[in-house]
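The following exercises are to be worked through with the sequence and the coordinates at hand. Each task is followed by a stepwise solution.

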Amino acid sequence: MNRGPEILGQYMHSMTIIRNLCAHGSRIYNRLFEQKPSLNKKEQALLIRREDGTMDNAHFFGFFLIMRRLLPAENFVEMKEAIIALMGKYPFVRMDYYGFRDDWKEKL
């Protein structure tokens with residue numbers, strides 16, 4: 001069965017959540033999302049693992065992985081570089097509160 005339209009619908013719903021939060025000035029820092037994006041096994045392997053071995057797909061990083069899939073490669077690279085620049089500007093911000101692993105830059 002072709003699940004393409006269903007998965008695209010899930011992705012668009014996920015992006016709508018992020019868009020609405022950002023457009024209305026809500027925070028995404030240390031926010032747990034009830035609507036978790038549907039990720040494939042490669043993407044799931046990039047998530048932070050908790051001590052009990054379960055994956056953390058409730059933070060922003062899961063949505064970031066969806067953006068990686070939906071955006072043209074050059075646009076995703078620009079967004080990644082912008083985040084890295086912000087990390088340099090604000091080094092006190094803990095990226096794990098967004099669900100980013102310590103080695104995310106090398107893995108993506």
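A salt bridge is counted where a side-chain nitrogen of Lys or Arg lies within 4 Å of a carboxyl oxygen of Asp or Glu. The model examined here is a predicted one.

**Exercise 1. Salt bridges**

Determine whether the partners R50 and D56 are buried or partly exposed, and place their salt bridge among the others of the model.

Step 1. The side chains of R50 and D56 meet with an N to O distance of 3.8 Å, and the cut-off is 4 Å, so the pair qualifies.

Step 2. R50 has a relative accessible area of 40% and is therefore partly exposed. D56, at 9%, is buried, because the limit for burial is under 20%.

Step 3. The rule gives 4 salt bridges. Among them is R94 with D96, at 2.6 Å from N to O. Another joins R101 and D103, whose closest N and O atoms are 2.8 Å apart.

Step 4. D96 is partly exposed at 29% relative accessibility, and D103 is partly exposed at 24%.

**Exercise 2. The environment of helix α3**

Explain why α3 is described as largely enclosed, and characterise its packing against α4.

Step 1. Of the 11 residues of α3, 8 are buried, so the helix is largely enclosed by the rest of the structure.

Step 2. The buried residues are F60, F61, G62, F63, F64, L65, I66 and M67. Their cover includes α1, α2, α4 and α5.

Step 3. Two packed helices are described by the angle and the distance between their axes. For α3 (residues 60-70) and α4 (residues 73-89), the axes come within 9 Å and cross at roughly 145 degrees.

Step 4. On the α3 side, F64, M67 and R68 make this contact; α4 contributes F76, M79 and I83. By class, the contact of α3 with α4 comprises 5 nonpolar residues, no polar residue and 1 charged residue.

**Exercise 3. Loops and backbone**

Identify what is notable about the phi of N30, and locate R94.

Step 1. Most residues other than glycine have a negative phi. N30 is not a glycine, yet its phi is positive, at about 55 degrees.

Step 2. N30 belongs to the loop between α1 and α2 and is partly exposed, with a relative accessible area of 37%.

Step 3. R94 is located in the loop between α4 and α5 and is partly exposed at 41%. Its C-alpha atom is separated by 9.0 Å from that of Y29, although R94 and Y29 are 65 residues apart along the chain.

Notes. Residues are numbered from 1 along each chain as its sequence is written. This is a predicted model: local features need pLDDT of at least 70, side-chain atom pairs count only at pLDDT 80 or more; totals for chains, interfaces and linings use all residues. Side-chain values use heavy atoms; hydrogens and water are left out. Axes are lines fitted to C-alpha atoms, for helices over the stretch in contact, and angles run from 0 to 180 degrees between N-to-C directions. Helices (H or I, at least four residues) and strands (E, at least two) are DSSP runs, numbered from the N terminus. Contact means heavy atoms within 4.5 Å. Ala, Val, Leu, Ile, Met, Phe, Trp, Tyr, Cys and Pro count as nonpolar, Asp, Glu, Lys and Arg as charged, and the others, Gly among them, as polar. Buried means under 20% relative accessible area, exposed over 50%, partly exposed in between (1.4 Å probe, protein chains only).
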